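I opened this model to look up a helix and its ends, a pair of packed helices, and the cysteines. My notes follow in that order.

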Amino acid sequence: MTVARPPEPIPGARLLFSLDPAVSYLNHGAFGAVPVNVQRTQQRLRDEMEANPLRFFTQGLVDRVTHTRRHLASFLGADPDGTALVGNATTGAAVVLQSIGLRPGDEVLTTDHGYGAVDFSIARECRRTGAVTRALRVPLAATDEEIVQIVRDGLRPGRTRLLVVDQLTSPTARLFPVAAIVGVAHERGVPVLVDGAHAPGMLPVDVTAVGADFWVGNLHKWGFAPRGTAVLVVAPPWRERIEPLVVSWEQGAGFPGNVEWQGTLDYTSWLSAPAGLFTLRSLGLDRVRAHNAELAAYGQRVVGEALGVAPADLPDPGGPAVAMRLVPLPPGIATTIDAARALRARIAERLAAEVSVAGWNGRGWLRLCGQVYNSPDEYERLAVRLPGLLDRG
């Protein structure tokens, strides 16, 4: 087949990052990559902190965090008074799980596309409280209407205490119709936690329009913030019930301050986050989103062709706006967590390429991301060398 042309690069974008030029970093969705100017912004804040730690922590820091929170909430279309800064989306999910008051016989409903660490958190809270968890099977090729129907059929009013659904899934790069899902759940009186870990920066986000009871999202992936920057957004009826994982000096302030303040936490990543959004906007938000999605689609087609995957068999569960794409691996390869991790490590060591490999529903999947620092030749090199690595095992 003839692979479509990749998008034109954004001039100078690669120079904004300090990534190792000897490595093809095709897994931005894992830990993100922080632009150099944002790194420097954070370092200036750290210098300020270390010059006089007492002054930094006791004179105006709460107000600075509040100002940053309002800036980030505005970007996400969220209510600043219902938004708390947290370390990552998984932390936000844990706050929700411990705050909703699960009891024996309650059920937390998920899908089989959920993020592993959140699933672990759900399982722990269920063990602690006597609740149970159940995952709905959602086919990768299911339409939005079919997904909504699967959720509708899976809800158990009176027993389902919380529905947890991903906005854009990590293992399968599937974009879920979260607003419609929230509507169906609310019709049956079931609150919803939306895990939007990958949404900020990659996708246009309007948290208020989604309407979830709880929404979590990372700014340190596609929003160019330093790592450890995420938000937990809580709808008004739940705010007084939220309890932080760590109790500290802002406990009496209530949500969101009691969740944000954790004593001697390094707050410089949060305070630097607006610099990441400034970089994103400077490059052109719509331009970056379109470029990244097109580049990921190009990489998927190039690598898929090299592995002998027919175009019709290349999944597109996220649609044209998603900058993460899946390539199915040959049967029997990377079907378990351990095998997937081992293959990812071999690709990194032998091919100098960082990718995501996951086993999902008995099949191994390669996930490729597109970002402004990537170039078409990185996917092309991977396509040339990957088949031989898989053949050798």
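I took helices (H or I, at least four residues) and strands (E, at least two) as DSSP runs, numbered from the N terminus. The model is predicted, so I kept in mind that local features need pLDDT of at least 70 and side-chain atom pairs count only at pLDDT 80 or more, while totals for chains, interfaces and linings use all residues. Residues are numbered from 1 along each chain as its sequence is written, and side-chain values use heavy atoms, with hydrogens and water left out.

**Helix H5**

I looked first at what follows H5, and found Gly101, with a positive phi near 75°. At the N-terminal end of H5, Asn88 acts as the cap, with a side-chain oxygen 3.2 Å from the backbone nitrogen of Thr90. H5 spans residues 89-99, and eight of its eleven residues are buried (under 20% relative accessible area, 1.4 Å probe, protein chains only). Among the buried ones I noted Ala89, Gly92, Val95, Leu97 and Ser99.

**Helices H11 and H12**

How are H11 and H12 oriented to each other? H11 (residues 268-283) and H12 (residues 285-306) pack at an angle of about 80°, with axes 5 Å apart, and are therefore roughly perpendicular (65 to 115 degrees). The axes are lines fitted to C-alpha atoms over the stretch in contact, and angles run from 0 to 180 degrees between N-to-C directions. Leu280, Arg281 and Leu283 of H11 meet Leu285, Arg287 and Val288 of H12, contact meaning heavy atoms within 4.5 Å. I sorted the residues of this contact into four nonpolar, no polar and two charged, with Leu and Val counting as nonpolar and Arg as charged.

**Cysteines**

I found zero disulfides (a pair of cysteine sulfur atoms within 2.5 Å). Cys126 counts as buried at 5% relative accessibility, and Cys369 counts as buried at 1%.

Technical notes: Buried means under 20% relative accessible area, exposed over 50%, partly exposed in between (1.4 Å probe, protein chains only). A polar contact is a pair of N or O atoms within 3.5 Å; within protein, one must be able to donate a hydrogen and the other to accept it, and residues adjacent in sequence count only if both atoms are side-chain atoms. Angles under 35 degrees count as roughly parallel, over 145 as roughly antiparallel, 65 to 115 as roughly perpendicular and the rest as oblique.
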